[in-house]
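Please walk through the structure below with attention to its helices, its strands and the loops that join them. The paragraphs that follow take these one after another.

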Amino acid sequence: MQPRWRIISLRHTFPIGARTALCYSLGVAGEIIKTKGIVLAIHPWSRTSHVVAWLTPDHGVVSTLVKGAVRPKSAFLGQYDLFYACDLLYYARASGDLHALREVTPNNLREHLRGQWRETSLAGYAADLVRDLAPPGSESSAWYEFLDTFLDNLAGTTAGLVRLEMEILRLTGLAPDFSGMDPHAAWTPFAVDFGRCGEGERTLRLSPRTVAALQRPDALATPADALSDAVRFLGVFLAFHLEQTPDVRRALVTLLTVPRSI
């Protein structure tokens, strides 16, 4: 007989360990998980329900079904939105990747992103990268810490894009190695396929100024043309190593370079 979901009120009655045991005895699928999460994506499941993708520090990317999320009297109304950091309680199914959200409490709404279309666009790109690349389980802890800090201090600029992508490459273990750069040469060949200085099947020219922009994009003295070269280099590097579709990134770069007066 398949287990059935029961709507039960356990929050103020049992400690979480007792709740888990009781849920098993009542036929609730899976165990109760309590964790933190950052909202990466929200998709409709039905007319009144959502599927929410979260980045958690101890379970990687988790998808939860939020039943009745948009009903007028739903307890979930206003409790989550894109880029919110929340405390979660969900029933983890023993099989399958879609779990049932039980409780959610926001603790960081990141209101500084609302109405800022450059910042929101870059935050969405960051969320997509993390959703695609973050590892499962506790290995995602460093990813969670990075994304949490990045969203809190996000600047919708090309420097912010370079900082994001360099950190993503570091977290994946694919960061380019610039140790072979000649600081006195006008440019040094960089083998994209090997990820280090030298010749390869896909070779680019890198100047010391471009490397400085890649390593310290937020430095006040970083020239705009060096940042542009850094963005172009990362576009090639990510497409080769992470097989990222360039269309979304190309549109984002266009948005980030629009003058602030617009």
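A residue is called buried when its relative accessible area is under 20%. The model is a predicted one, and by this criterion helix 2 contains the buried residues Arg 118, Glu 119, Leu 122, Ala 123, Tyr 125, Ala 126, Ala 127, Leu 129 and Val 130. Helix 2 takes in residues 117-133, and its 17 residues, at 1.5 Å a residue, should span 24 Å; the C-alpha atoms at its ends are indeed 24 Å apart, so expectation and model agree.

Which helix packs against helix 2, and at what angle? The partner is helix 7, residues 246-256, and the two pack at an angle of about 155°, their axes lying 10 Å apart. Because angles over 145 degrees count as roughly antiparallel, helix 2 is described as roughly antiparallel to helix 7. The crossing of helix 2 past helix 7 is left-handed. On the side of helix 2, the residues that meet helix 7 are Trp 117, Arg 118, Ser 121, Leu 122 and Tyr 125, and on the side of helix 7 they are Val 248, Arg 249, Leu 252, Leu 255 and Leu 256. Among the helix 2 residues of this contact, Arg 118, Leu 122 and Tyr 125 are buried.

The loop that leads into helix 2 deserves a look of its own. Most residues other than glycine have a negative phi. Arg 110, however, is not a glycine and has a positive phi of about 50°. Arg 110 is located in the loop between strand 5 (98-108) and helix 2, and its relative accessibility of 2% means that it counts as buried. Phe 83 offers a second case, with a positive phi near 75° in a residue that is likewise other than glycine. Phe 83 belongs to the loop between strand 3 (60-66) and strand 4 (85-92), and it too counts as buried, because its relative accessibility is 4%.

Further along the chain there is an open sheet of 3 strands, in the order 7-6-8 and with antiparallel pairing. Its edge strands are strand 7 (196-197) and strand 8 (203-206), each of which pairs on one side only. Strand 6, residues 188-191, is joined to strand 8 in the antiparallel sense over 4 bridges; within this pairing Thr 188 stands opposite Leu 206, while Ala 191 has Thr 203 as its bridge partner. Strand 6 and strand 7 also run antiparallel and are joined by 2 bridges, one residue pair being Phe 190 with its bridge partner Cys 197 in strand 7. The hairpin of strand 6 and strand 7 has 4 residues between the strands, and in this hairpin Gly 195 takes a positive phi near 75°.

Where does this hairpin meet a residue from a later part of the chain? Gly 195 is touched by Phe 237, a residue of helix 6, which comprises residues 224-241. The two are 42 residues apart in sequence, yet their C-alpha atoms are 8.2 Å apart in space. Leaving aside residues up to four places away in sequence, Phe 237 also touches Leu 169, Leu 174, Pro 176, Phe 190 and Val 192. Phe 190, as noted, is the bridge partner of Cys 197 in strand 7, and Phe 237 therefore touches a residue of that pairing as well as Gly 195. With a relative accessible area of 0%, Phe 237 is buried.

Methods. Residues are numbered from 1 along each chain as its sequence is written. This is a predicted model: local features need pLDDT of at least 70, side-chain atom pairs count only at pLDDT 80 or more; totals for chains, interfaces and linings use all residues. Side-chain values use heavy atoms; hydrogens and water are left out. The expected span of a helix is 1.5 Å times one less than its number of residues. Buried means under 20% relative accessible area, exposed over 50%, partly exposed in between (1.4 Å probe, protein chains only). Two strands pair if DSSP finds at least two bridges between them. Axes are lines fitted to C-alpha atoms, for helices over the stretch in contact, and angles run from 0 to 180 degrees between N-to-C directions. Angles under 35 degrees count as roughly parallel, over 145 as roughly antiparallel, 65 to 115 as roughly perpendicular and the rest as oblique. A crossing is left-handed if the near helix is turned anticlockwise from the far one by less than a right angle, and right-handed if clockwise. Contact means heavy atoms within 4.5 Å.
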